[in-house]
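Biologist: I'd like a really close look at one part of this structure, not a quick tour. Take me through it piece by piece, and then tell me what sits around it.

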Amino acid sequence: MLVLLAGIFLLHITAIILLLVATIDNAWWFTDTMSTDVWARWVKINNFWNYTDLPGHYPQEYLQAVQATSVLACIFSILGLFVFVGQLFTLAKGQRFTFSGIFQLIACLCIMIAASIYTDIFHKDEKYGWYGHSFILAWIAFVLTFISTIIYFVLRKKTA
Amino acid sequence: AGGGERETEERVWPGINRKSEVPWLETVSFGGVCISLWPAAGPAEESNMLVFLALVSVALVTIAPQSQAIVIYTGWERHALVGSEVRLSCSFFSWRWTSEDVTFSWSYRPDGSRDSISIFHYTGGLPYLDNKGPFRDRLEFVGNPQRRDGSILIKNLDYSDNGTFTCDAKNPPDIVGRPSSVRLLVFDKLPVQAGVITGAIIGAVLGLLVLIVVIYYLMRFLVARRVFNLSVSKHGKKAKGKEGSQQRQPWRVPPLSFLSF
């Protein structure tokens with residue numbers, strides 16, 4: 001049982017870490033000399049990486065929607081962790097961890113929105129380049145938060 | 001202000017058990033303000049305090065003239081739409097009172113050009129607007145020099161107005177200062193400023209969350225109170241004791257095996 005609790009905790013914390021990396025690190029799209037999105041762009045000039053602004057032709061509304069939803073996913077996941085710990089101590093016997101599940105669900109939806117918008121709108125016509133680790137971690141975090149949500153909705157508290 | 005007076009009043013200082021024998025009333029003046037200081041202890045500490053005050057006064061008197069530079073504030077960048085008007089604000093900070101000979105000067109340097117042209121001057125209590133240059137009939141003085149505000153209003157903007165506007169203010173005798181510049185950018189469609197939508201989405205969702213939590217707990221509180229009132233009116237004091245113990249669950253460290261599917 002302790003193993004189960006540790007596993008659930010670890011899953012949640014892993015999801016938080018992946019979300020944070022995906023949000024903070026500007027590495028959604030790579031080329032040989034560039035690592036970009038969602039906040040700024042790293043451009044390699046003369047073997048030095050320079051921190052520059054994102055190009056003006058980016059659709060601003062979509063970019064800011066990706067920024068906002070990825071930040072919200074992080075916030076809700078972190079809040080969900082505290083809610084889970086709180087519910088561990090205050091739930092009555094036999095009840096489900098719905099509150100924590102709801103927070104994780106919202107986080108899951110938010111990161112799904114962020115990653116979907118990014119996939120569909122940005123870099124669609126660029127042949128040269130590949131998706132970076134932040135992008136991949138965003139999708140993996142979506143899966144992990146989804147599993148976490150299911151677990152919280154199914155889990156019951158055994159003894160008060 | 002200045003000089004020292006001896007007063008043989010008896011004062012009891014908090015935290016010190018004996019009454020202070022010679023409380024010195026020492027006044028020091030600097031910058032035109034008189035401050036009186038009462039040392040809190042005996043003669044040895046008094047002389048230390050006097051030395052410190054002397055040093056501070058000397059330091060301030062020597063530094064004061066150098067800090068008397070005028071500091072001019074304008075914006076950093078202004079965005080405006082074609083055909084609209086924009087207010088370029090300029091104000092300054094000066095240690096002196098606002099003199100009657102205060103002057104404001106605006107000059108304009110187009111983007112890509114190295115020459116700047118003077119477009120506005122306020123002196124002797126009167127504003128002088130550009131009547132020959134690119135801004136003739138489009139400038140208006142909307143500042144209040146007595147309140148240190150030298151703002152101008154440019155109407156009917158065009159793309160050729162993109163450039164840097166420099167404000168220079170002088171407040172005699174305080175004339176040493178650095179002019180400040182503001183860049184004007186004219187758009188046909190105002191771009192969404194970085195982060196506005198992001199902030200709005202995050203703020204709205206978090207605000208909604210807080211609202212939902214508050215409403216949830218409020219509802220719970222109201223329902224519990226209603227039940228409490230009903231039971232009090234029905235059973236009197238007996239129910240009161242029961243309600244109190246039911247509402248609070250004893251906090252215990254939960255045993256380790258407490259999850260199940």
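Modeller: Let's start with α3(A) and α4(A), whose axes come within 8 Å and cross at roughly 155 degrees. (Axes are lines fitted to C-alpha atoms over the stretch in contact, with angles from 0 to 180 degrees between N-to-C directions.) The two helices α3(A) and α4(A) are therefore roughly antiparallel to each other, a label for angles over 145 degrees, with under 35 counting as roughly parallel, 65 to 115 as roughly perpendicular and the rest as oblique.

Some housekeeping first. This is a predicted model, in which local features need pLDDT of at least 70 and side-chain atom pairs need 80 or more, while totals for chains, interfaces and linings use all residues. Residues count from 1 along each chain as its sequence is written, chains are lettered from A and ligands numbered from 1 in the order written, and side-chain values use heavy atoms, leaving out hydrogens and water.

Now zoom in on the rings. The whole structure, over all chains, holds 27 aromatic pairs. One of them is A:Tyr118 with A:Phe122, a stacked pair at 5.1 Å centre to centre and 20 degrees between the planes. (Phe, Tyr and Trp rings, the six-membered one for Trp, pair if their centres lie within 6.5 Å; planes under 30 degrees apart are stacked, over 60 edge-to-face, the rest tilted.) Both partners are tucked away: A:Tyr118 counts as buried because its relative accessibility is 0%, and A:Phe122 is buried too, with a relative accessible area of 2%. (Buried means under 20% relative accessible area, exposed over 50%, partly exposed in between, with a 1.4 Å probe and protein chains only.)

A:Tyr118 has another ring partner, A:Phe135: their centres are 5.9 Å apart and their planes at 50 degrees, so this pair is tilted. This one links distant parts of the chain, with A:Tyr118 in helix α3 (residues 98-121) of chain A and A:Phe135 in helix α4 (residues 133-154) of chain A, 17 residues apart. A:Phe135 is buried, just as A:Tyr118 is. Widen the view a little and you get a cluster joined by ring pairs: A:Trp28, A:Trp29, A:Tyr58, A:Tyr118, A:Phe122, A:Tyr131 and A:Phe135.

There's a backbone oddity in this part of chain A as well. A:His123 isn't a glycine, but its phi is positive, near 60 degrees. You'll find A:His123 in the loop between α3 and β5 (130-131) of chain A, and at 9% relative accessibility A:His123 counts as buried. Set that against A:Asn47, also a non-glycine with positive phi, here near 65 degrees. A:Asn47 lies in the loop between β3 and β4 (48-52) of chain A, and its 66% relative accessibility puts A:Asn47 in the exposed class.

While we're checking backbone, have a look at the cis peptides. In chain A, a cis bond joins A:Asp37 and A:Val38, with omega about -5 degrees; A:Val38 sits in the loop between β2 (34-36) and β3 (41-45) of chain A. Over in chain B, the bond from B:Pro172 to B:Pro173 is cis, with omega near 0 degrees, and B:Pro173 belongs to the loop between β13 (163-170) and β14 (177-178) of chain B.

Chain A has another helix pair to set beside the one we began with. Helix α1 (residues 2-24) and helix α2 (residues 60-90) of chain A pack at about 160 degrees, with their axes 8 Å apart. That angle makes α1(A) roughly antiparallel to α2(A). Where do they meet? On the α1(A) side the contact residues include A:Leu5, A:Phe9, A:His12 and A:Ile16, and on the α2(A) side they include A:Cys74, A:Ile78, A:Phe84 and A:Leu88. (Contact means heavy atoms within 4.5 Å.)

Finally, the overall frame. Chain A has four helices and six strands, running α-β-β-β-β-α-α-β-α-β along the sequence. (Helices are DSSP H or I runs of at least four residues, and strands are E runs of at least two, numbered from the N terminus.) Chain B comes to three helices and 16 strands. Of the 160 residues in chain A, 47% count as buried; of the 261 residues in chain B, 26% do. Among contacts with a separation of 6 or more, residues 24 or more positions apart account for 68% in chain A and 54% in chain B.
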